[in-house]
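Please open the model in your viewer and keep the sequence panel visible beside it. The tour below proceeds by selections, and at each stop it says what to pick and what is found there.

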Amino acid sequence: MPSIAIAIQLIKRTVGSRRGLFLNMLLPAILLSVLTGLLSAQGQQAVIVVANADAGELGSYLTAALAREELYDVREASGASDEDVKQQVLDGKADAAVYIPSDYTVSLLEGKHVPAALYRMNVQLWNASLATTLEAETMKLSASAGMVARAEGVDKEQMLPLLQKLLAAQEKPVVTTKHVGMKLGTILSNPIMIGILLMFVMMLVSQSIGFVMEDRELRTMARMYTAPVRAIDISLGNFLGSMAVGTLQLVIVLSLTYFVFQYDPGVSYGYMLIVLEFFLLAAVGLTTAIAGLVRDSRQLTQMNNLVIMPSCMVSGCFFPLSMLPTFMQKLANFLPQKWALQAIDRLGGGGSVADIGLQLAILLLFAAVLIAFGSAVLRPSKLSR
Amino acid sequence: MRIWWTTAYYELLKYSRKKTLILILIVLPLVLIYMLGSAFDTEIKPAKVIVYNADRGELRASVDAFWSNDEIKPYVRFLAAKEEGDVQPSVTESESDYGVVIPADYSSRVLKGETVSWRTYSGRFVEKNLAVESVIDSYLTELNMQMSAREILGPEAGSEQEGVGEPDAAEPFVLVGMLGGDKNQIFRSVSAMQYYAATYLIMFLLYGGMLAAIELLNQHKNGTLQRMFTMPFSFIQLVLGIVTGSFLVAALQAIIIVLFTKFVYDVNWGTNYGWLFLISLLTTAVGAGIAIIIASFAKTVKTTQTVFGIVAFSMTFVSGGMIADIDVIIGDASKWTVNHWANEGLRAIMNGSSWSDYSQEVAILAMIAAVLSVFAMIRLPKVVKRHA
């Protein structure tokens with residue numbers, strides 16, 4: 001079948017050279033695995049230094065309450081002064097610091113508020129949460145101590161045991177929260193790995209479509225049409241070639257990252273490949289549509305530089321979509337990357353192919369509309385330049 | 001001199017007709033600056049929490065009052081669910097960041113002193129889950145405290161202390177010290193928009209400098225240079241004119257990017273435009289130097305572009321152009337990039353520091369530019385005089 005021969009030629013031109021093989025197959029795989037390494041090493045836990053200068057017991061009670069939260073890395077700095085911990089935050093050694101004054105327990109038992117100090121560089125969501133937690137805990141201590149102090153018939157010696165009893169009772173609260181296990185994918189909140197893979201797919205597709213355009217410019221395509229081969233076979237050959245090159249890249253890059261570098265996104269190899277195959281189709285569509293708008297393959301490369309990076313950013317390939325302004329989040333609906341990421345995220349959350357039908361259908365629709373729009377590229381140009 | 005300027009002028013004219021080139025060198029950085037700047041701005045984005053309160057009892061009012069309390073609004077935005085079944089899908093579909101269902105027997109059980117649980121659905125973002133959980137915990141802590149007090153200290157204790165949990169303006173429970181002003185830790189004393197404006201100005205100025213090498217290679221390939229070599233005038237002036245052309249493009253790039261970001265994105269570039277221009281010029285020189293050295297080995301436009309692209313991209317990446325706090329992961333490696341010194345200089349200018357604060361950065365940048373220029377001059381004949 002002539003289409004196959006044309007497709008094989010296109011594969012040879014894109015990845016047949018050592019340079020092509022390196023840039024399109026090895027480089028993405030290496031980059032992705034380096035990134036996995038970097039991002040997993042990051043393990044960002046906010047470091048919180050707690051200086052407990054309190055002579056009594058309530059200071060350590062407060063420290064223990066903060067240490068319960070798993071998302072903070074609470075480090076006790078015994079003997080550190082107020083200024084010491086403040087300096088640690090300023091030097092970037094700690095993300096936040098808490099200082100509990102030396103008369104904390106004594107004052108509380110006398111029914112007085114003594115504020116603990118919290119130092120942070122600026123307001124962020126996580127440290128606002130820390131402040132809320134700290135406020136709730138200090139309020140609890142303060143109010144409990146206040147109630148004990150005001151309770152009738154309690155003398156000084158009885159106060160601390162009574163307060164401890166009251167605090168112990170609160171360890172077994174009446175109203176609690178119960179987490180419902182949610183099966184959520186991690187791709188949408190941490191998309192960079194898959195995002196970069198999508199970017200590489202788009203880059204490679206633009207390269208292979210570029211070769212088709214080059215054929216058209218140099219009139220190779222026009223000459224091909226003199227051969228006793230049906231026009232549809234030639235167009236199909238070029239299309240199949242672009243798809244085959246992309247598939248080859250996906251299989252090699254995925255195999256390397258999955259099996260050699262042990263990347264585990266929580267989605268099986270097969271499902272991942274299916275979604276990416278649909279994305280590949282949409283990417284071929286997008287590139288042919290762009291190719292239909294420009295004059296030559298040089299311009300196509302330049303246009304792709306303009307389109308690929310920004311569209312990957314808007315569609316949430318590098319950072320979560322929710323970080324962008326609302327109108328951009330809506331704009332992302334018109335980009336295939338968003339739907340591919342969403343599909344992979346669902347699979348990662350334990351979904352099956354049936355759950356991602358909508359996403360795959362949208363990717364197919366992208367492909368159909370865009371390829372129809374850009375189909376002129378796959379035929380020889382009628383106008384002579 | 002005349003030859004120099006005539007060449008430079010025609011170079012600029014030629015560039016001005018390449019529309020896609022202008023788009024890439026000027027419009028693309030502006031788009032990237034806007035997107036990264038607005039994605040990573042330091043403003044707190046509150047967590048959206050969807051709540052279904054099935055309880056119809058006496059405590060419903062106080063729970064509703066808690067969710068619509070103004071104090072939690074900066075961190076948590078409350079959405080009421082129409083029915084219980086809406087909560088989980090809303091979190092799964094990322095329409096909300098967190099879900100809460102309060103059971104129908106909540107009031108009755110609490111009033112009887114029996115244990116009861118709110119069902120919570122945590123979403124995708126750790127930070128947002130944490131924010132909602134801490135807000136819920138603080139409410140429940142207070143509630144539980146009052147109930148324990150009633151149990152241990154007698155029935156009056158809890159109710160008597162009504163309102164004790166409200167932090168008093170005069171006597172706060174926690175003193176919060178803000179050490180960094182309103183500036184962000186990650187972006188080192190400038191805003192996200194300023195940070196990315198500086199980073200991408202520098203990255204695209206490097207690309208602007210690359211034009212010199214590309215143009216020299218092109219004119220060599222087309223035989224223009226060889227023919228000009230036969231002319232009875234200084235060949236070096238012609239070559240310098242071509243290089244100057246790319247510097248003019250870069251200058252134009254810098255002017256447009258700075259003015260556009262200043263007036264449209266409201267980026268504060270400081271007041272010291274002279275130094276700003278010097279840093280831009282030095283960066284362009286570095287870009288041109290690196291590109292010419294690469295071209296002298298690579299000998300074709302395509303390879304030069306690819307190799308230069310990899311060099312410029314990795315320098316930008318290492319210096320924090322994509323992930324701002326990358327130095328946490330890779331340490332001081334960024335100091336080995338040109339971008340680092342240029343960025344530091346620009347950020348100091350943005351902060352309005354005096355020139356002595358950034359003279360060191362500028363000096364290092366100037367030194368790198370000087371060394372690269374000398375090497376480029378030595379290698380230049382390999383680019384322009386091959387087979388000549």
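At what angle do helix H8 and helix H10 of chain A pack, and how far apart are their axes? Before answering, please keep in mind that this is a predicted model.

**First stop: two helices of chain A**

Select residues 192-217 of chain A, which form helix H8, together with residues 231-260 of chain A, which form helix H10; the two pack at an angle of about 150°, with their axes 10 Å apart. Angles over 145 degrees count as roughly antiparallel, and H8(A) and H10(A) are therefore roughly antiparallel to each other. Their crossing is right-handed. To see where H8(A) and H10(A) touch, show the side chains of Leu197(A), Val201(A), Leu204(A), Val205(A), Ser208(A), Ile209(A) and Val212(A) on H8(A), and then those of Asn238(A), Gly241(A), Ser242(A), Val245(A), Gly246(A), Gln249(A), Leu250(A) and Val253(A) on H10(A). Coloured by class, the contact of H8(A) with H10(A) has 9 nonpolar and 6 polar residues, and no charged ones.

**Second stop: another helix pair of chain A**

Now select helix H11 (residues 269-293) and helix H14 (residues 336-348) of chain A, which pack at an angle of about 175° with their axes 10 Å apart. That angle makes H11(A) roughly antiparallel to H14(A). On H11(A) the contact is made by Tyr271(A), Met272(A), Val275(A), Phe279(A), Ala282(A), Ala283(A) and Leu286(A), while H14(A) contributes Pro336(A), Ala340(A), Ala343(A), Ile344(A) and Leu347(A). By class, the contact of H11(A) with H14(A) has 12 nonpolar residues, with no polar and no charged ones.

**Third stop: the domains**

Step back and colour chain A by its domain assignment, in which domain 1 takes residues 2-41 together with 187-378, and domain 2 takes residues 44-171. The C-alpha centres of these two domains of chain A lie 53 Å apart. In chain B, domain 1 is assigned to 2-41 and 190-384, and domain 2 to 47-160, with 55 Å separating their centres, taken over C-alpha atoms.

**Fourth stop: where the chains meet**

Which element of chain A gives the most residues to the side that touches chain B? Begin with the contact as a whole, which takes 67 residues from chain A and 69 residues from chain B. Among the elements of chain A that give two or more residues to this side are helix H2 (18-42), helix H7 (156-171) and helix H12 (297-314). The element that gives the most is H6(A), with 18 residues, and residues 125-150 of chain A will select this helix. Taken together, the residues of chain A on the side that touches chain B divide into 41 nonpolar, 20 polar and 6 charged.

**Fifth stop: a sheet with strands from both chains**

Select strand S5 (175-179) of chain A and then strand S4 (residues 116-122) of chain B, since these are the next things to view: S5(A) and S4(B) pair in the parallel sense over 5 bridges. One bridge to display joins His179(A) to Thr120(B) in S4(B). On S3(B), Val100(B) also stands opposite Thr120(B), and 4 bridges join S3(B) to S4(B), which run antiparallel.

Widening the selection shows an open sheet of 5 strands in the order S5(A)-S4(B)-S3(B)-S1(B)-S2(B), with mixed pairing. Its edge strands are S5 of chain A and strand S2 (76-80) of chain B, each of which pairs on one side only. From one strand to the next, the twist averages 25°. Strand S1 (residues 47-53) of chain B pairs with S2(B) in the parallel sense over 5 bridges, and Lys48(B) has Arg77(B) as its bridge partner in S2(B). Add helix H3 (residues 60-67) of chain B, which packs on the sheet and touches S1, S2 and strand S3 (98-102) of chain B, its direction making about 170° with that of S1(B).

**Last stop: a helix pair of chain B**

Finally, select helix H14 (residues 338-350) and helix H15 (residues 355-384) of chain B, whose axes come within 9 Å and cross at roughly 150°. H14(B) and H15(B) are therefore roughly antiparallel to each other, and H14(B) passes H15(B) in a left-handed crossing. Among the residues that meet here are Trp341(B) and Glu344(B) in H14(B), and Tyr358(B) and Glu361(B) in H15(B). By class, the contact of H14(B) with H15(B) has 10 nonpolar, 1 polar and 3 charged residues.

Note on methods
Residues are numbered from 1 along each chain as its sequence is written. Chains are lettered from A and ligands numbered from 1 in the order in which they are written. This is a predicted model: local features need pLDDT of at least 70, side-chain atom pairs count only at pLDDT 80 or more; totals for chains, interfaces and linings use all residues. Domain bounds come from an automatic or database domain assignment. Axes are lines fitted to C-alpha atoms, for helices over the stretch in contact, and angles run from 0 to 180 degrees between N-to-C directions. Angles under 35 degrees count as roughly parallel, over 145 as roughly antiparallel, 65 to 115 as roughly perpendicular and the rest as oblique. A crossing is left-handed if the near helix is turned anticlockwise from the far one by less than a right angle, and right-handed if clockwise. Two residues are in contact if their C-beta atoms, placed from the backbone, lie within 7 Å. Ala, Val, Leu, Ile, Met, Phe, Trp, Tyr, Cys and Pro count as nonpolar, Asp, Glu, Lys and Arg as charged, and the others, Gly among them, as polar. Two strands pair if DSSP finds at least two bridges between them.
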